Amino acid sequence: MSNIIVLPLIIPIITAVILVFLREHIMLQRVISFLTMIFISIISFVLLEVVQTEGIIKIDFSGWLPPFGILFVADSFSLLLVLTASIVTSICLLYAFSTIGESHEKMFFYPFVLFLIAGVNGSFLTGDIFNLFVCFEVMLLASYVLVALGGEKVQLRESLKYVVINVVASWMFLVALAYLYGTVKTLNMAHIAERVAEVGQDPMLTTVAILFLVVFSLKAGLLLFFWLPGSYSVPPTAVQALFAALLTKVGIYALFRTFTLMFPLNPEVTHTLIGIMAGITLIAGCMGALSGRDIYTIATYNVIIGVGFILIGLAVGTEEAISGAIYYLIHDIIAKALLFLIVGMMVYLTGETVVKKMSGLIRNYPLFGWIYFLVMLALTGIPPFSGFVGKVLIGIGAIEGENFILLGIGFASSIIVLYSLLRIFLASFFGETIISLEDEKKIPKGALSSFVLLAIIIVFIGVGAESMSGYIDNATRTLMNPSIYIEAILKGGQ
Amino acid sequence: MESLMIVLVGILVSVGTYLVLSRNIIRVIVGTAILSHAVHLLILTVGGLKKGDVPLLSHSGGPFTDALPQALILTAIVISFAVTAFLLVLAYRTYVTNGSDDFQELRGMSDE
């Protein structure tokens, strides 16, 4: 049974390799890649159900028992993210079918999306920190290609910076790994946690922890987000949506694992630092979102605000805050994907990127306009939609943890999010229409259905938050009590 | 021996950092390559240099040398090789398309 944990990693890789040989058969590529993602979503849902009843499951590759071998671990937290990521990817693929264009499809677009998702799922599932590095690299290499694919001037320029920054970040990851291995002599995450707890988290280990914090912050866009707005606004829309939904979230996942499981013992230093970084990220993100004149800038800075808000949950670290952060993480993956898809579609329809030059879209495309309105409300955290529960729980957590500054910044940022997105809504959707009936481009059916599907998920998560609470409670319990995780890995036997 | 290695790592890191901070694309790429060599040596060193015998049960009874750092470095070398190859191709394409290999000129304005 536990063998199927490896499927979310292995199936995309195998399918991607097969798709490389089907270069000319675009229809076949579409069908296979879409079915693959649906299949992975189903598998991860089944796994999630199994974990609810049987507890954490793991697979030791080729029978090397932990701490010696590499292993995959599936707990509720990672499976929730795998599930969300797979669903969002399949919907982004649906959007890509009608918009990405034949030249991309023939240049191995689908294989690289599958490689990307393999890396993302692998990062979520692995229980070995060096394997995490490898999965990160799989994901990043696919993302390098996806940023540069198309080969336009600005794309190449931005992708070069993106690649160089990530190469340096990966280098720092290796440095951190070297020091970690030098200090605790193990790479299995559960075993690291146990060793760190045995010796107490001395200053040496805290330094290593801070090194990991820097590395994952670069990947997550926490404080070190200077590379993000440029590189996220150049690729085609479907790729942007995938990046905004998944890439920073993998960094956030790694931060949660590192600072709840491996280095939770010195929160005065590490968690305070995360709190300060989250606060500055929120403020800087808000400034960026306010100052932006084109919709890509506003949307990318909204990604950064989302990252800052989620990490308030980790910085506060109470049970309420952590479960709020998980809710918000899931919400953010879906809502950011939808936001970027809509923004890309707006640019496609009007040919403009500057907010003020667009006007009256809602007259031509009423459904499209109202879906934008919906995602705006969701991102702000208005009750019936998905952002609400997460924001409230993080808020309660911050009050419990008496962290009022972060509380204030966090909720002030919600208002800025509302303002920046409402500005787009008022300027671009309301007012006189600039598109005459003759020039009106149709929104492709595939794209429209992807909007509707994501909107339905957003409403479902908001209204049906109760149905998810079982999974999220389980995930929170494991994050709050690392001993559950450690025991499942080290004492579980085969 | 370990101290000597660490000094070497330090030198490599400073050379790499200097190159990464320069404006020319090729220098930056060479810099990242040197940085990755430095970290491979670092992993080797923190794992402890040769302390015992080959870690094969049939060959000796121990104490054994830790074989894990080698495995880690091998993986890291493969990855950095792939990334560097990709980076070189990307740099060449950027040079051809944008007509410049100077990061200062590749800055780009946010609102162009």
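This passage describes the confidence, the chain contact, the helix packing and some local backbone features of a predicted model.

For the complex as a whole, the predictor gives an ipTM of 0.94 and a pTM of 0.95. The mean pLDDT of chain A is 92, with 99% of its residues at 70 or more, while chain B has an average of 89, with 96% of its residues scoring at least 70. Within chain A, confidence is lowest in helix H15 (residues 361–364), where the mean is 87, and highest in helix H5 (residues 109–125), where it is 96. In chain B, the corresponding extremes are helix H3 (residues 68–98), which has the lowest mean, 93, and helix H1 (residues 2–20), which has the highest, 95.

The contact between the two chains involves 27 residues of chain A and 28 residues of chain B. On the side of chain A that touches chain B, the elements that supply two or more residues are helix H6 (129–148) and helix H7 (153–184) of chain A. Of these, H7(A) provides the largest share, amounting to 17 residues. By class, this side of chain A consists of 18 nonpolar, four polar and five charged residues.

For chain B, an unreviewed UniProt entry carries the annotation "transmembrane region" over residues 6–21, 28–47 and 67–92. In the model, the stretch of residues 28–47 of chain B is 95% helix and 0% strand, and its end C-alpha atoms are separated by 29 Å. Residues 67–92 of chain B are 96% helix and 0% strand, with the end C-alpha atoms 38 Å apart.

Several helix pairs within chain A were examined for their packing geometry. Helix H1 (residues 7–21) and helix H2 (residues 26–54) of chain A pack at an angle of about 175 degrees, and their axes are 10 Å apart. Because this angle is over 145 degrees, H1(A) and H2(A) are roughly antiparallel to each other. From H1(A), the residues Leu7(A), Pro8(A), Ile11(A), Pro12(A), Thr15(A) and Leu19(A) take part, and they meet Gln29(A), Ile32(A), Ser33(A), Thr36(A), Phe39(A), Ile40(A), Ile43(A) and Ser44(A) of H2(A). This contact of H1(A) with H2(A) comprises nine nonpolar and five polar residues, with no charged residues.

Helix H14 (residues 319–350) of chain A takes part in two of the packings described here, one with H3(A) and one with H20(A). The axes of helix H3 (residues 76–99) of chain A and H14(A) come within 10 Å and cross at roughly 10 degrees, and H3(A) and H14(A) are therefore roughly parallel to each other. On the side of H3(A), the contact is formed by Phe77(A), Leu80(A), Thr84(A), Ala85(A), Val88(A), Cys92(A) and Tyr95(A), which meet Ile326(A), Ile330(A), Ile333(A), Ile334(A), Ala337(A) and Leu341(A) in H14(A). Twelve of the residues in this contact of H3(A) with H14(A) are nonpolar and one is polar, while none is charged.

With helix H20 (residues 465–480) of chain A, by contrast, H14(A) crosses at roughly 125 degrees, the two axes coming within 9 Å. H14(A) and H20(A) are therefore oblique to each other, and their crossing is right-handed. The residues that make the contact are Glu319(A), Ile322(A), Ser323(A), Ile326(A) and Tyr327(A) of H14(A), together with Ile472(A), Asp473(A), Ala475(A), Thr476(A), Leu479(A) and Met480(A) of H20(A). Seven nonpolar, two polar and two charged residues make up this contact of H14(A) with H20(A). Ile326(A) of H14(A) is listed both in the contact with H3(A) and in the contact with H20(A).

Two local backbone features fall in the loop between strand E1 (57–60) and strand E2 (71–74) of chain A, which contains Pro67(A) and also Ser62(A). The peptide bond that leads from Pro66(A) to Pro67(A) is cis, with an omega near 5 degrees. Ser62(A), although not a glycine, has a positive phi of about 45 degrees.

Methods. Residues numbered from 1 in each chain as written. Chains lettered and ligands numbered in written order. Predicted model: local features only at pLDDT ≥ 70, side-chain atom pairs only at ≥ 80, totals over all residues. Contact = placed C-beta atoms within 7 Å. Helix = DSSP H or I, 4+ residues; strand = E, 2+ residues; numbered from the N terminus. Nonpolar A, V, L, I, M, F, W, Y, C, P; charged D, E, K, R; others polar. Axes fitted to C-alpha atoms, helices over the stretch in contact; angles between N-to-C directions. Parallel < 35°, antiparallel > 145°, perpendicular 65-115°, else oblique. Left-handed = near helix turned anticlockwise from the far one by under 90°. pLDDT = per-residue confidence, 0-100. UniProt positions renumbered as here; feature names shortened; annotations may be inferred.
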